[in-house]
Number of protein chains: 2
Amino acid sequence: MTDPGFACCTPLSGASMSTEQAEQVAPLLKALADPVRLRLVSLIASSQTGEACVCDLNDAFDLTQATISHHLKVLHSAGVLDRDKRGVWVYYAVKPEALSAVANLFTPAALAGATA
Amino acid sequence: MTDPGFACCTPLSGASMSTEQAEQVAPLLKALADPVRLRLVSLIASSQTGEACVCDLNDAFDLTQATISHHLKVLHSAGVLDRDKRGVWVYYAVKPEALSAVANLFTPAALAGATA
DNA sequence: CAGACACATCGACGGGCGTCGATGTCTGCT
DNA sequence: AGCAGACATCGACGCCCGTCGATGTGTCTG
C-alpha cells in the first residue's frame with residue numbers, strides 16, 4: 001500500500017505564501033501580464049515627466065482608442081497607474097509602490113517564505 | 001483646430017520597452033498571474049530541499065490532480081520550474097533566473113528604459 | 001505477468017479577456 | 001449656443017484559460 005511514512009518528498013517547510021496573499025497578488029500580476037499593458041507602463045514610466053496622456057499613448061499602438069482606454073482602466077483598477085484629469089486631457093502616472101511590490105515578491109528571500 | 005504643435009504631452013523619452021520584449025515577457029508573467037500557480041511556486045521554493053513532488057503539492061489544494069498537473073506544465077513551459085523524474089515520482093524545482101528576471105523587470109532603473 | 005500507484009494527456013464545459021464599432025460625457029473654443 | 005475634440009463606457013464577438021472526469025503511460029511490487 002505504498003507506506004505513507006516512507007513518503008516521496010521532504011515535507012514542505014510550510015512558510016510559504018498563503019492562499020489569501022496569492023489571491024491578493026494575482027490580480028496585480030494579471031494586470032501586468034499583457035504585452036500592451038506592459039508597454040503602456042513602460043512608456044509612461046520612461047516619459048520625461050513620469051506621466052503621459054492617452055492621446056499620445058494611443059499613437060504608439062495599432063489599437064483602437066477604446067482598447068487603450070480599457071487597458072488603462074485595468075491598470076488603474078489594479079493600482080498600477082494613477083489617473084489625473086487636467087482640462088481636456090487625462091494623464092496617467094506609474095505608482096512605483098505597486099511595481100516594487102511585484103519586484104519584492106520574486107526576491108529569493110520572499111520566495112523562501114519571508115513575510116512581505 | 002487644437003493646434004497640434006501645442007500638444008498635450010511631453011513626448012515620451014522613447015527608451016521604453018520594445019514590442020518584442022513585451023511579447024516575450026508577457027507569457028512569463030501570465031504563467032505567474034494565477035493564485036494556484038503562485039502558491040505552487042511558493043510551496044516549491046519554500047520546501048527544504050528546494051524541490052517538491054506532485055503528490056505532495058496535490059494535497060495542498062482542493063483541486064484535481066489533473067488540474068495541478070496542468071498548472072505545473074504551464075509553469076514548466078514558461079521556464080519557471082524544472083522537471084526531474086526520479087522513479088515513480090516527479091520533482092519540480094524553481095528556476096531562480098526566471099523569477100529574478102521578473103524582479104529586475106520592475107526595478108525603477110529597468111522601468112526608466114535601461115536595457116535588461 | 002498482473003496489479004497498484006504516480007503522473008500526464010485528452011476532450012469538454014463555463015467563464016473571463018482582448019478587441020472592436022458605436023455612442024455617451026465632459027471640456028474648451030468660436 | 002453650437003461645435004469639435006479627448007476620453008470613457010457600452011454591447012458584442014471570438015478566443016483563451018481554469019477546471020473537471022476519464023483515460024493513457026510509465027514504474028515498481030508481488
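## Chain A: helices and strands

Chain A has 6 helices and 3 strands. The model is predicted. Read from the N terminus, the elements of chain A follow the order α-α-β-α-α-β-β-α-α.

Chain A holds 116 residues, and 44% of them are buried. Now take the contacts in chain A with a separation of 6 or more. Of these, 52% join residues 24 or more positions apart. The exposed area of chain A is about 6100 Å². Carbon and sulfur atoms supply 54% of that area.

## Salt bridges in chain A

How many salt bridges does a search of the whole structure find? The count is 4 over all chains. One of them joins the side chains of Glu51(A) and Arg86(A), with N to O at 2.6 Å. Glu51(A) sits in strand E1 (residues 51-53) and Arg86(A) in strand E2 (residues 81-86), so the pair ties together parts of chain A that are 35 residues apart in sequence. Side chains of opposite charge can pair when their charged atoms come close.

Asp84(A) also belongs to this picture. Glu51(A), Asp84(A) and Arg86(A) are linked in a network of salt bridges. Is Arg86(A) buried or partly exposed? Its relative accessibility is 37%, so Arg86(A) counts as partly exposed.

## The surroundings of Glu51(A)

Glu51(A) is part of strand E1 of chain A. Its side chain makes a polar contact with the side chain of Arg86(A), at 2.6 Å. Which residues does Glu51(A) touch, leaving out those up to four places away in sequence? They are Ile44(A), Arg86(A), Tyr91(A), Tyr92(A) and Ala93(A). One name here returns below: a polar side-chain atom of Tyr92(A) lies 2.6 Å from a phosphate oxygen of DNA strand D.

## Salt bridges in chain B

In chain B, Glu51(B) forms a salt bridge with Arg86(B). The closest N and O atoms of this pair are 2.6 Å apart. The pair links distant parts of the chain, with Glu51(B) in strand E1 (residues 51-53) and Arg86(B) in strand E2 (residues 81-86), 35 residues apart.

Arg86(B) has another partner, Asp84(B). In this salt bridge the closest N and O atoms are 2.5 Å apart. Arg86(B) is partly exposed, with a relative accessible area of 37%. Asp84(B) is partly exposed too, at 34%.

## Around DNA strand C

Which residues come nearest to DNA strand C? Of the 23 residues around this strand, they are Arg37(A), His71(A), Cys55(B), Ser69(B) and Tyr92(B). Sugar and phosphate make up 77% of the DNA strand C atoms that come within 4 Å of the protein.

Some atom pairs show how the protein meets the phosphates of DNA strand C. Arg37(A) places a polar side-chain atom 2.5 Å from a phosphate oxygen. Thr64(A) uses a backbone N or O atom, which lies 2.9 Å from a phosphate oxygen. Val54(B) also uses a backbone N or O atom, at 3.5 Å. Four elements give two or more residues each to the surface near DNA strand C: helix H4 (65-77) of chain A, and helix H3 (54-59), helix H4 (65-77) and strand E3 (89-94) of chain B. By class, this surface has 11 nonpolar, 8 polar and 4 charged residues.

## Around DNA strand D

DNA strand D is surrounded by 24 residues. The closest are Cys55(A), Ser69(A), Tyr92(A), Arg37(B) and His71(B). Of the DNA strand D atoms that come within 4 Å of the protein, sugar and phosphate account for 77%.

Which chain B residues reach a phosphate oxygen of DNA strand D? Among them is Arg37(B), with a polar side-chain atom at 2.5 Å. Thr64(B) is another, with a backbone N or O atom at 2.9 Å. Chain A supplies at least two residues of this surface from each of helix H3 (54-59), H4 and strand E3 (89-94), and H4 of chain B does so as well. The surface near DNA strand D divides into 11 nonpolar, 8 polar and 5 charged residues.

Key: Residues numbered from 1 in each chain as written. Chains lettered and ligands numbered in written order. Predicted model: local features only at pLDDT ≥ 70, side-chain atom pairs only at ≥ 80, totals over all residues. Heavy atoms only, no water. Near = heavy atom within 4 Å. Polar contact = N/O pair within 3.5 Å; in protein donor to acceptor, adjacent residues only side chain to side chain. Nonpolar A, V, L, I, M, F, W, Y, C, P; charged D, E, K, R; others polar. Buried < 20%, exposed > 50% of the residue type's maximum accessible area, 1.4 Å probe, protein only. Contact = heavy atoms within 4.5 Å. Areas by Shrake-Rupley, 256 points an atom, 1.4 Å probe, with all protein chains shown as cover.
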